[in-house]
Amino acid sequence: MPTNRLERFAHNLDWNLLRTFVVVVEEGSITRAANRLLLQQPAVSMALKRLEQSVGHRLIDRSPGRFELTEAGERLHALCHDIFTAIVRLPEAMQPSSEDIAGHITIHSVSHAMNPAWDRAIADFFRLHPRVTVGVTVETTTDVIRSVERGVATLGLSDGIIPDGLEKVPFCYERYALYCGRGHRLFGARDARLEDLRGEPYVSFLADVLGGPHMGPVTAVRAVGSFGQQVRALAFNVEEVLRLVVANAGIGMLPAHLTGVALTAGELWQLPPYDDLPVAETFRITNPGSALNPAERAFLTHMAEVPPWRWGEPHQSG
């Protein structure tokens, strides 16, 4: 395409169409995209049609039971990712750099991503840079990854399958065990077997879904042990999963180092398997394409050498 035509294309393109396209792809549905954008479904369909006319390519193959990006759609979605990452970081990237660093850091994290060495390093960082501020948002695995991909978050703390386009460093390793509440039929049983758990209602994290995009070692134990197929309750944070297990909504897997108080109080009981418990890895993730402000650059440099933390083995109440 000649240069003058390229310039006309950029001048005439409605950039809001790109945002609509990205939301449609993320939601995998015109209807869900319309709900998220607070628009009517025909308006979203028309926006997609206008974008396809502008770029001269069909972007999404839509037919009954089918919703897939075309090759052109894949290329445009990748470009949109870079465009929006740059745009969302513009205000931060324009902050002046100086010895007296100021600025805001945004951390998006799954619940209870814990590393004592990280906490000590954060304390040291704010002693060095008292004008820096930080905001922490607790989200689901999918949302943390999406926030980092979009450049909304300086850094993410997330388990799950991390996309290749993001940089990841181990943050902590948590050993999970299976528990029931006081009212469960196996509470207090020391001879329970794995086969006794089949068909038991289960309390699950949103990311711990059989067949889901972020299946990990915790999900694998459920599959091998043939329990947890009947999911009675879903939650995205540890506190809610623990509360629901204690309330006997179902059995559930929990980080063993966070269950000590409830075990001692007689609110939880550990169930099999007792050996070879799954270890879930949480990563520190960043987007190498994000434009960072001076505070963010200083923070990532300061935290770069923090080692991952390994939590200890679970313990059983008496």
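# Notebook: strand β6 and its surroundings

I began with strand β12, where I found that Trp309 is the bridge partner of Cys172. The model I am reading is a predicted one, and I keep that in mind for each entry below.

**Entry on β6 and its partners.** I then asked how β6 and β12 run relative to one another, parallel or antiparallel. They run parallel, and 2 bridges join β6 to strand β12, which covers residues 309–310. I went on to β11 and noted that strand β6, residues 167–181, is joined to β11 by 8 bridges, with the two strands antiparallel. Within that pairing I looked up two positions: Arg175 stands opposite Val279, and Val169 stands opposite Arg284.

Next I turned to β9, residues 251–255, which runs antiparallel to β6 and is joined to that strand by 4 bridges. Here I picked out Ala177, whose bridge partner in β9 is Leu254. For β10 I also recorded 4 bridges to β6, again with an antiparallel course, and I noted Leu178 of this pairing standing opposite Leu271 in β10.

**Entry on β11.** Having met β11 as a partner of β6, I checked what else pairs with β11, and I found that strand β5, residues 155–158, runs antiparallel to β11 with 3 bridges between them. Arg284 in β11 stands opposite Leu157, and Arg284 is also the residue that stands opposite Val169. How many of the residues of β11 are buried? I read that 6 of its 8 residues are buried, and I therefore wrote the strand down as mostly covered, with buried meaning under 20% relative accessible area.

**Entry on the loop between β10 and β11.** I followed the chain through the loop that lies between β10 (268–271) and β11 (279–286), which is where Pro273 has its place. The peptide bond joining Pro272 and Pro273 is cis, with omega of about 5°. In the loop between β10 and β11 I also located Asp276, which is not a glycine and yet has a positive phi of about 50°. I noted both features because most residues other than glycine have a negative phi, and most peptide bonds are trans. Is Asp276 buried or exposed? Its relative accessible area is 77%, so I entered Asp276 as exposed.

**Entry on His112.** A positive phi also turned up at His112, which is not a glycine either, and here the angle is about 55°. I placed His112 in the loop between β3 (103–109) and α7 (116–128). With a relative accessibility of 28%, His112 counts as partly exposed.

**Entry on the nonpolar surface patch.** Finally I looked at the surface and listed a nonpolar patch formed by Val134, Val136, Val138, Leu206, Val231, Leu234 and Phe236, which together have about 560 Å² of accessible area. The elements giving two or more residues to this patch are β4 (132–138) and β8 (231–235). Which element gives the most? I found that it is β4, with 3 residues. I checked Val138 in particular, which belongs to strand β4, and I recorded this valine as partly exposed because its relative accessible area is 44%.

Note on methods
Residues are numbered from 1 along each chain as its sequence is written. This is a predicted model: local features need pLDDT of at least 70, side-chain atom pairs count only at pLDDT 80 or more; totals for chains, interfaces and linings use all residues. Side-chain values use heavy atoms; hydrogens and water are left out. Buried means under 20% relative accessible area, exposed over 50%, partly exposed in between (1.4 Å probe, protein chains only). Two strands pair if DSSP finds at least two bridges between them. Patches are made of residues with over 30% relative accessible area and no salt bridge: like charges are joined within 9 Å, nonpolar side chains (Val, Leu, Ile, Met, Phe, Trp, Tyr) within 5 Å. Accessible areas come from the Shrake-Rupley method with a 1.4 Å probe; for residues, only the protein chains shown count as cover. A salt bridge is a side-chain nitrogen of Lys or Arg within 4 Å of a carboxyl oxygen of Asp or Glu.
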